[in-house]
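Biologist: I would like to learn how to read a model like this one, feature by feature. Could you walk me through it?

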Amino acid sequence: MVKITVKAPCCSSIRECRVRTKYVISLEDGEILRSIDAVRCYRGEEKKYVIETTKPIAVIEHYVSNSGVHYLDVEYSDWDKERTLEIARRLLG
């Protein structure tokens, strides 16, 4: 069983909070297990989530820039980065 702690992403403005999200993805099933919205860390807010599973998972941070460009960052993955990004791109569109 895999047990990891995922910290919510930090944001500094209302706009940034709306466009920054972390996703916990099941790599075998190709589905989103959990969506974690950003919190304002400079205000002292902090959220942590404990994820327990027996299947391979990945934690992906997704951010959309002002010009509409989507950025994906692999924070944790049981598989290699390229395979993980391929699955994440398919799931997130």
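Biologist: Let me start with the secondary structure. How many helices and strands does the protein chain have?

Modeller: Keep in mind that this is a predicted model. The protein chain has 2 helices and 6 strands. A good next step is to read them in order: along the sequence, the pattern is β-α-β-β-β-β-β-α.

Biologist: Next, the overall dimensions. What radius of gyration does the protein chain have, and why does it agree with a compact globule?

Modeller: The idea is to set the value beside the one expected for the chain length. For 93 residues, a compact globule would have a radius of gyration near 12 Å, and the protein chain has 13 Å, so the two agree. You can add the box to that picture: along the principal axes, the C-alpha atoms fill roughly 35 × 30 × 15 Å.

Biologist: How do I read burial and surface? What percentage of the residues is buried?

Modeller: A residue counts as buried when its relative accessible area is under 20%. Of the 93 residues in the protein chain, 39% are buried. Seen from outside, the accessible surface comes to about 5800 Å², and carbon and sulfur atoms account for 45% of that.

Biologist: And the contacts? Which share of them joins residues at least 24 apart?

Modeller: Here you begin with contacts between residues at least 6 apart in sequence, and 60% of those join residues at least 24 apart.

Biologist: Where do the charges sit on average, and how many are there of each sign?

Modeller: Take the mean position of each sign and compare. The protein chain has 16 positive and 15 negative charges, and their mean positions are 6 Å apart.

Biologist: Now the cysteines. How many disulfides does a search of the whole structure find?

Modeller: The search finds 2 disulfides. One is formed by Cys 10 and Cys 41, with sulfur atoms 2.0 Å apart. Its angle about the S-S bond is -80°, a left-handed link. Cys 10 lies in the loop between strand E1 (2-7) and helix H1 (14-19), and Cys 41 in the loop between strand E3 (31-37) and strand E4 (48-53), so this pair ties together parts that are 31 residues apart in sequence.

Biologist: What about the link of Cys 11 and Cys 17: is it left-handed or right-handed?

Modeller: That link is right-handed, with 55° about the S-S bond. The sulfur atoms of Cys 11 and Cys 17 are 1.8 Å apart. With the bonded cysteines numbered in sequence order, the pairing reads 1-4, 2-3.

Biologist: Are Cys 11 and Cys 17 buried or exposed?

Modeller: Both Cys 11 and Cys 17 are buried. Cys 10, in contrast, counts as partly exposed at 37% relative accessibility, and Cys 41 is partly exposed too, at 24%.

Biologist: Could we try a single residue? Where does Thr 21 lie, and which residues does Thr 21 touch?

Modeller: For one residue, combine its element, its accessibility and its neighbours. Thr 21 lies in strand E2 (residues 20-26) and counts as buried, because its relative accessibility is 8%. Leaving aside residues up to four places away in sequence, Thr 21 touches Pro 9, Ser 35, Ile 36, Asp 37, Ile 60, Glu 61 and His 62.

Biologist: One last example, please. Is Gly 44 buried or exposed?

Modeller: Gly 44 is exposed, with a relative accessible area of 62%, and is found in the loop between E3 and E4. You can also set sequence distance beside spatial distance: Gly 44 and Ser 67 are 23 residues apart in sequence, and their C-alpha atoms are 29 Å apart in space.

Key: Residues numbered from 1 in each chain as written. Predicted model: local features only at pLDDT ≥ 70, side-chain atom pairs only at ≥ 80, totals over all residues. Heavy atoms only, no water. Helix = DSSP H or I, 4+ residues; strand = E, 2+ residues; numbered from the N terminus. Rg over C-alpha atoms; globule rule 2.2 N^0.38 Å. Buried < 20%, exposed > 50% of the residue type's maximum accessible area, 1.4 Å probe, protein only. Contact = heavy atoms within 4.5 Å. Areas by Shrake-Rupley, 256 points an atom, 1.4 Å probe, with all protein chains shown as cover. Lys, Arg positive; Asp, Glu negative; His and termini not counted. Charge placed at Lys NZ, Arg CZ, Asp CG, Glu CD. Disulfide = S-S within 2.5 Å.
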